[in-house]
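Trainee: I am new to this structure and would like a close look at the larger picture of one chain, taken slowly. Please go from its surface to its single residues, and then set the partner chain beside it.

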Amino acid sequence: MKVETYDAIVIGAGVVGLGITYELSKQQGLKTLTIDQGYPMSGTSGATQAWIWVHSKTPYKYGQLSLASANRYQELQEEIGDIEYIRSGGIAPIFSKQELYDAKALQLEMSKANIPVDLLSREEILKLEPNLSPNLLGATYSPIDGHVNPFKLIQRYHLQAKINGAHFSFYNGVRALEKTEVGYKVTTNRGVYEAEKVILSAGLWSKSIGEFLNIRIPTHTSRGQILVTEPTEPLIHHVIIGMRQLSNGIVLMGFSKEDVGYDRRTTMDVLQDTAEKSVNLVPKLKDVKIVRSFSGIRVMPNDGLPIFGEVSEQKNLYVAVTHSGMTLSAILGKSMAELVTTGESSFPMEAYSIERFKGREENQ
Amino acid sequence: MEANQVIVCHCEELTVADLKMAFEHGARTFDDLKRMSRCGMGHCQAKYCFDAANDHLANWSKVPVECLPNTRHRMPIRPVPLKVFIEGGFHEG
């Protein structure tokens with residue numbers, strides 16, 4: 001079988017892999033190939049509410065990373081075309097005394113990163129969002145939070161990278177990953193490819209691909225189920241934890257997290273709970289019709305933080321596996337391209353190295 | 001009328017040309033088309049457009065239509081208000 005050779009191979013074409021591919025494609029003369037077992041958006045990146053969410057990303061350094069990504073989206077909006085990135089502001093409702101104490105702690109934590117978090121009273125929050133339930137005690141609010149159109153973002157990354165000369169191979173699953181004298185050999189369903197550098201950004205599937213080289217990527221799965229309404233009158237104007245309304249009037253709602261492996265079914269119990277929570281939050285939703293439900297499987301690093309950078313025992317092998325890929329793809333793409341081409345990134349990423357898991361319990 | 005202006009997805013007003021563009025960018029299944037163009041994401045949830053869109057896909061990619069994967073159907077079958085999902089909602093409604 002003929003072997004194709006590249007400078008770098010990106011495994012995974014979700015929002016994280018495509019963000020990296022796009023940034024790498026700006027490097028003149030760098031020949032890259034991005035491989036995916038499906039088509040962009042067929043996995044986690046296509047099943048999302050696509051918040052670009054910052055204000056409750058603790059610890060504050062993780063908040064800083066999320067903020068850097070949100071800022072990078074403003075530049076990307078100019079660079080790659082309209083991805084419908086909008087800073088709507090974000091609201092985290094408070095229903096109990098305990099949540100109120102937590103909100104005060106959050107405000108203090110985020111102030112270390114200069115991330116504005118306002119603690120609003122019931123009156124203030126109802127002024128901002130009159131359709132929210134009067135049963136809430138208050139909310140935290142930040143103008144930094146927003147959302148993006150995930151389909152447009154992914155298509156723009158893909159298209160612009162293609163224009164810049166990046167190569168792609170879709171519907172092509174990775175069957176083996178081996179070390180060679182000069183780099184790595186990737187065996188797929190449809191061919192064999194070699195490259196000096198490999199970037200593993202395959203989300204949920206990174207763990208099993210890492211095993212080809214005995215790299216342990218400690219992640220688990222987290223299913224989220226979403227309800228989709230018909231287009232309706234403008235009901236909410238900000239991202240509110242659990243829901244957002246799209247520009248076409250559709251409301252997306254979801255609060256669930258379940259570790260059920262790769263099972264992408266929707267289940268009635270969770271959807272009923274989702275409907276109840278949504279109506280408790282925005283009572284007017286009770287008469288709005290649901291047209292669809294969907295579910296997606298998030299990848300969740302075992303300590304909740306991104307796993308990012310070169311693997312120390314495997315030179316020129318890089319990983320980028322994270323929860324909140326939509327929020328983080330902009331900064332992870334930029335940082336990875338810098339790391340791969342210059343050996344360091346302008347935003348400090350050392351804290352996210354996979355090395356941090358060394359010596360921790362096997363089940364961590 | 002130009003063939004490529006024929007509407008396939010009535011809910012989202014997508015023409016054959018719109019779907020062809022998604023195909024040219026690499027979409028090979030109905031779900032790919034859906035995520036790229038919103039075909040099938042409207043009120044009917046692909047009940048009207050699925051067969052027509054799949055015929056075009058099969059034709060463009062030169063594979064028999066029966067070899068293409070189905071789209072994933074999800075609840076609800078018909079649009080229903082949120083209150084119907086909530087326990088007791090029938091009675092209070």
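**Chain A, from the surface inward**

Mentor: Chain A exposes about 15000 Å², and carbon and sulfur atoms supply 50% of that area. Keep in mind from the start that this is a predicted model. Below that surface, 59% of the 364 residues of chain A count as buried. The C-alpha trace of chain A spans about 65 × 40 × 40 Å along its principal axes.

In secondary structure, chain A has eight helices and 18 strands. Its radius of gyration is 21 Å, close to the 21 Å that the globule rule gives for 364 residues, so chain A is as compact as a globular protein of that length. The contacts add to this picture: among those in chain A between residues at least 6 apart in sequence, 74% join residues at least 24 apart. As for charge, chain A carries 38 positive and 40 negative side chains, and the centres of these two sets lie 2 Å apart.

There is also a record to read alongside the model. An unreviewed UniProt entry lists residues 7-339 of chain A under "domain: FAD dependent oxidoreductase". In the model, the end C-alpha atoms of residues 7-339 lie 14 Å apart, and the span is 30% helix and 29% strand.

Now to single places in chain A, in sequence order. Met41(A) sits in the loop between strand 2 (32-35) and strand 3. Although Met41(A) is not a glycine, its phi is positive, at about 85°. Is Met41(A) buried or exposed? The cut-off for buried is under 20% relative accessible area. Met41(A) has a relative accessible area of 3%, so Met41(A) is buried.

Further along, the loop between strand 3 (51-52) and helix 2 holds Pro59(A). The peptide bond leading into this proline, from Thr58(A) to Pro59(A), is cis, with omega near 0°.

The loop that runs between helix 2 (60-79) and strand 4 (90-94) contains Ser88(A). With a relative accessibility of 13%, Ser88(A) counts as buried. What does Ser88(A) touch, once residues up to four places away in sequence are not counted? The list is Tyr141(A), Asp145(A), Gly146(A), His147(A), His237(A), His238(A) and Val239(A). For a distance across the chain, take Ala139(A): Ser88(A) and Ala139(A) are 51 residues apart in sequence and 16 Å apart in space, C-alpha to C-alpha.

The last place to look at in chain A is Gly254(A), in the loop between strand 15 (251-253) and helix 7 (268-281). At 14% relative accessibility, Gly254(A) counts as buried. Leaving aside neighbours within four places in sequence, Gly254(A) is in contact with Gln49(A), Gln225(A), Ile226(A), Gly242(A) and Thr274(A). One of these contacts can be given as a distance: Gly254(A) and Ile226(A) are 28 residues apart in sequence, yet their C-alpha atoms are 4.5 Å apart in space.

Chain B can be read in the same order. The accessible surface of chain B comes to about 5400 Å², of which 54% belongs to carbon and sulfur atoms. Of its 93 residues, 44% are buried. The C-alpha trace of chain B spans about 50 × 30 × 20 Å along its principal axes.

Chain B has five helices and three strands, and from the N terminus on its elements run β-β-α-α-α-β-α-α. The radius of gyration of chain B is 16 Å, well over the 12 Å that the globule rule gives for 93 residues, so chain B is more spread out than a compact globule. Of the contacts in chain B with a separation of 6 or more, 43% come from residues 24 or more positions apart. Chain B has 11 positive and 12 negative side chains, with the centres of the two sets 4 Å apart.

Two places in chain B deserve a look as well. Ala46(B) lies in the loop between helix 2 (30-37) and helix 3. Ala46(B) has a positive phi of about 75° although it is not a glycine, and at 5% relative accessibility Ala46(B) counts as buried. Pro76(B) is in the loop between helix 3 (50-61) and strand 3 (80-81). The peptide bond from Met75(B) to Pro76(B) is cis, with omega near -5°.

Terms used: Residues numbered from 1 in each chain as written. Chains lettered and ligands numbered in written order. Predicted model: local features only at pLDDT ≥ 70, side-chain atom pairs only at ≥ 80, totals over all residues. Heavy atoms only, no water. UniProt positions renumbered as here; feature names shortened; annotations may be inferred. Helix = DSSP H or I, 4+ residues; strand = E, 2+ residues; numbered from the N terminus. Rg over C-alpha atoms; globule rule 2.2 N^0.38 Å. Buried < 20%, exposed > 50% of the residue type's maximum accessible area, 1.4 Å probe, protein only. Contact = heavy atoms within 4.5 Å. Areas by Shrake-Rupley, 256 points an atom, 1.4 Å probe, with all protein chains shown as cover. Lys, Arg positive; Asp, Glu negative; His and termini not counted. Charge placed at Lys NZ, Arg CZ, Asp CG, Glu CD.
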